[in-house]
Amino acid sequence: MNQSSSFHQYDAGPSVGANPPRLVPTENTERAHNPLTARFLASFPARRIAWRRSQLRDAGFDDRAVQRLVAATVLIRIRQGAYIRGSYWSQLSNDARERTTIFMHAFGTLTSSPSGFVYSHTSAARLHRLSLWKADAFVHVTQTRTPSSTGCDSGTLIHKAALPSNDITQIDNMRATSLERTVVDCCLTMPYKQALILTDHALRLGASKEKRLEAASKLGRHRGVKTLRKVLAYADGRSESPGETLTRDLLRELLIEAPTLQYWINTRQGRHRVDFAWVNKRVVLEFDGKGKYFDYRPTDEAVFLERKREAALLEEGWTVLRIEWKDLFNEVSLKARILAALNH
């Protein structure tokens, strides 16, 4: 069961069995000895994840009791009037927490109905599972009427715009902007490199470049349109990670000969695909930077297989360069390394 389906299945529904889903660990036994915590645990099914303030009040937990439960991390206050089970929150990845914050906004404001807000910008990007780098943590919603205080707090940004029906889709029981509209909105409000990462990923997911070009053509001198057009000119769905996107764009900026992306090489140990290849020079460039900025951590087996793969490439006469995130911010040194390899 994925994180979003678990949230929507168990956020406020009745118990559907004796055992909680594996995704939601039970609270620490020692904490359960606290009378207030014990009463809270006994009041709700173990699989229930989220509560509105009114639901806690109806169950007999006044403001002071809720504050004590929050202090004990039995509950986590995600936004005004909306709380989540602490044991559920603690085992979520950073990406999952960002999506859950959006789910909690919908839960707290009842915006999962067809007449509610439309999630947009980076919030829609998170719901679409697009790669984000250094993106803001606000909950973004778009609506046609003048923004009111409903659903708005310090963590929410409300945009006023009329959205045609084909710019709206349904994700995880919530209305969000379509993949193409999300890309356009983000490109209009993000710095270039952040927008390029997101757009590359959207291309890999099947976003229509024609729809985005059409949208850009109608924007005239709209704020951010230069960034949008630059992103559309240089985006490439063949880059499979944020690091690869930034590497490809840096190679372009440094005026280094353009490599072939995602190139397959035959070796004695099988076919291997590399991130960047200068085929005539027999030089390969691989990006190794996932661990620092993202949740991924290579296992010992993955590291072993990667080294075995590199050995196979070296055996075939290829020069292999490996770069990390820090190399992308030392452009002079990186360019020198690449040129040295190409001219060896």
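This report describes the fold, one small sheet, one enclosed helix and the aromatic contacts of a predicted model.

**Overall architecture**

The protein has 344 residues, of which 47% count as buried, and its secondary structure consists of 16 helices and twelve strands. The accessible surface comes to about 17600 Å², and carbon and sulfur atoms account for 50% of that area. Among the contacts between residues at least 6 apart in sequence, 59% join residues that are at least 24 apart.

**The sheet of β1, β2 and β3**

Three strands form an open sheet in the order β1-β3-β2, with antiparallel pairing. Its edge strands are β1 and β2, each of which pairs on one side only, and neighbouring strands of the sheet are turned by 30 degrees against each other on average, when direction is ignored. On one side, strand β1 (residues 50–52) and strand β3 (residues 82–85) pair over three bridges in the antiparallel sense, and within this pairing Ala-50 has Ile-84 of β3 as its bridge partner. On the other side, strand β2 (residues 75–79) pairs with β3, again in the antiparallel sense, over four bridges, and here Arg-79 has Ala-82 of β3 as its bridge partner. Strands β2 and β3 make a hairpin with two residues between the strands, where Gly-81 takes a positive phi near 80 degrees.

**Helix α9 and its surroundings**

Helix α9 (residues 179–189) is largely enclosed by the rest of the structure, because ten of its eleven residues are buried. The buried residues include the charged-type names Glu-180, Arg-181 and Asp-185 as well as Leu-179, Val-183, Val-184 and Leu-188, and also Thr-182, Cys-186 and Cys-187. The cover over these buried residues includes the helices α8 (121–127), α10 (192–204), α11 (209–217) and α12 (225–234), together with the strand β8 (174–177).

**Aromatic rings and charges over rings**

The count of aromatic pairs comes to nine. For one of them, Tyr-263 and Trp-318, the ring centres are 6.2 Å apart and the planes stand at 50 degrees, so the pair is tilted; this assignment follows because planes under 30 degrees apart would count as stacked and those over 60 as edge-to-face. The pair links distant parts of the chain, since Tyr-263 belongs to strand β9 (residues 260–267) whereas Trp-318 lies in the loop between α15 (300–315) and β12 (319–323), 55 residues apart. With a relative accessible area of 26%, Tyr-263 is partly exposed, whereas Trp-318, with a relative accessible area of 5%, is buried. Elsewhere, ring pairs link Phe-40, Phe-44, Trp-51 and Phe-61 into a cluster, and Trp-51 falls within the residue range of strand β1.

Two basic side chains lie over the faces of aromatic rings, as the table sets out.

| Charged residue | Ring | Distance from the ring centre |
|---|---|---|
| Arg-52 | Phe-107 | 4.1 Å |
| Lys-230 | Tyr-192 | 4.2 Å |

Arg-52, which lies over Phe-107, is within the range given for strand β1. Tyr-192 and Lys-230, which form the other entry, fall within the ranges of α10 and α12, two of the helices that help to cover the buried residues of α9.

Definitions and conventions: Residues numbered from 1 in each chain as written. Predicted model: local features only at pLDDT ≥ 70, side-chain atom pairs only at ≥ 80, totals over all residues. Heavy atoms only, no water. Pairing = 2+ DSSP bridges. Phe/Tyr/Trp six-rings, centres within 6.5 Å; stacked < 30°, edge-to-face > 60°. Buried < 20%, exposed > 50% of the residue type's maximum accessible area, 1.4 Å probe, protein only. Lys NZ or Arg CZ within 6 Å of the ring centre and 35° of its normal. Contact = heavy atoms within 4.5 Å. Areas by Shrake-Rupley, 256 points an atom, 1.4 Å probe, with all protein chains shown as cover. Axes fitted to C-alpha atoms, helices over the stretch in contact; angles between N-to-C directions.
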